[in-house]
Amino acid sequence: TQSRSSAASDVYKRQPGTTIEVADLFFNVPARRKFLRGEQTEAANLLQQIEILAVAHPGISFICRRDDREVFRLAATEDLAVRLRDLHGEAFLGKLIKVPPLESHGVRVHGWIARPGEGRSDRTRQMTFVNGRIIRSPVLSLPLREACDGVLAKGLHPPAVLFFEIDPAAVDCNVHPAKREVRFRDPGVIRAAALE
């Protein structure tokens, strides 16, 4: 086995960047292991989080390995379309149309949204970011669904990758332990921007 000091020094011999390795996760708190689901489910959850980071930061390259097998390798790009294509394929990108940058009521929005009639039974391909952080909020998801009324079957959700930039003072990020939910000072403003 390699000592911690030699392992750490080995990191500095590689190209600049961040390496995250998870090992002995429950060494200090073994009781938490019983709350885990199956290995495949937990691996899928981790992969989804890495994909979210990759979408949020297309300018950073990512290499994801699992059990010495490369899951994906993403080159840094300034083009979000390239990142979405590299992650989910050309077919997925073909189901989206680009939302040109627009500003409404002090909220800036850009990204990609489903073409009319395109939908999924789940929201796994519906990503909304507020100031660079992924957020799950009815204030953002309901206007997306409403915009598709009449062109999308009931129970389907439009894929979307949308970035909302708003004054940080207008968003309370301390309403969820993992910061996945936020409270908007003026939800109507966000809703209006999402509907445009």
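Asp 68 is found in the loop between E1 and E2. The model is a predicted one, and in it Asp 68 has a positive phi of about 65° although it is not a glycine. Is this residue, Asp 68, buried or exposed? At 81% relative accessibility, Asp 68 counts as exposed, because the cut-off for that class is over 50%. Strand E1 covers residues 62-66 and strand E2 covers 69-74.

The residues around this loop also carry charge pairs. Asp 67 forms a salt bridge with Arg 66, and the closest N and O atoms of the two are 3.9 Å apart. This pair counts because the limit between a side-chain nitrogen and a carboxyl oxygen is 4 Å. Asp 67 is exposed, with a relative accessible area of 64%, whereas Arg 66 is partly exposed at 26%. A further salt bridge joins the side chains of Arg 73 and Glu 70, at 2.7 Å from N to O. Glu 70 counts as partly exposed, with 36% relative accessibility.

A second positive phi is found elsewhere in the chain. His 105 has a phi of about 55°, again without being a glycine. His 105 is found in the loop between strand E3 (96-104) and strand E4 (107-114). With a relative accessible area of 57%, His 105 is exposed.

These loops belong to a protein chain with six helices and nine strands. Of its 196 residues, 32% count as buried. The chain exposes about 13200 Å², and carbon and sulfur atoms supply 52% of that area. Among contacts between residues at least 6 apart in sequence, 55% join residues at least 24 apart.

The interior comes next. In soluble globular proteins, nonpolar side chains tend to be buried together. Here the largest nonpolar core has 21 residues, and those with the most contacts inside it are Val 55, Leu 80, Leu 84, Trp 112, Met 127, Phe 129 and Val 161. Several elements each supply at least two residues of this core: helix H2 (39-56), strands E1 and E2, helix H3 (80-88), helix H4 (90-94), strand E5 (126-130) and strand E7 (160-165). Strands E1 and E2, which flank the loop of Asp 68, are thus among the contributors to the core. Apart from this core lies another, of 19 residues, including Val 99, Val 107, Phe 164 and Phe 184.

Which residues does Phe 129 touch, leaving aside its neighbours within four places in sequence? Phe 129 is in contact with Ile 52, Val 55, Ala 56, Ile 134, Val 161, Leu 162, Phe 163 and Phe 164. Val 55 and Val 161 appear with Phe 129 among the residues with the most contacts inside the largest core. Phe 129 is buried, with a relative accessible area of 0%.

By the ring-pairing rule, the count comes to one aromatic pair. Phe 129 and Phe 163 form this pair, which is stacked, at 4.6 Å centre to centre with 10° between the planes. The planes count as stacked because the angle between them is under 30 degrees. The pair links distant parts of the chain, with Phe 129 in strand E5 and Phe 163 in strand E7, 34 residues apart. Phe 163 is buried too, at 7% relative accessible area.

Another aromatic ring has a charge over it. The charged end of Arg 125 sits over the ring of Phe 92, 6.0 Å from its centre.

Side chains of opposite charge can pair when their charged atoms come close. The structure holds four salt bridges, among them the two already described around E1 and E2. Another is formed by the side chains of Arg 85 and Asp 86, at 2.8 Å from N to O. Arg 85 counts as partly exposed at 34% relative accessibility, and Asp 86 falls in that class at 33%.

A last loop residue is Ser 137, which lies between strand E6 (133-134) and helix H5 (138-147). Is Ser 137 buried or exposed? Ser 137 counts as buried because its relative accessibility is 8%, where the cut-off is under 20%. Ser 137 and Arg 180 are 43 residues apart in sequence, and their C-alpha atoms are 8.4 Å apart in space.

Notes
Residues numbered from 1 in each chain as written. Predicted model: local features only at pLDDT ≥ 70, side-chain atom pairs only at ≥ 80, totals over all residues. Heavy atoms only, no water. Helix = DSSP H or I, 4+ residues; strand = E, 2+ residues; numbered from the N terminus. Buried < 20%, exposed > 50% of the residue type's maximum accessible area, 1.4 Å probe, protein only. Contact = heavy atoms within 4.5 Å. Areas by Shrake-Rupley, 256 points an atom, 1.4 Å probe, with all protein chains shown as cover. Core = buried A, V, L, I, M, F, W, Y, C linked by side-chain atoms within 4.5 Å. Phe/Tyr/Trp six-rings, centres within 6.5 Å; stacked < 30°, edge-to-face > 60°. Lys NZ or Arg CZ within 6 Å of the ring centre and 35° of its normal.
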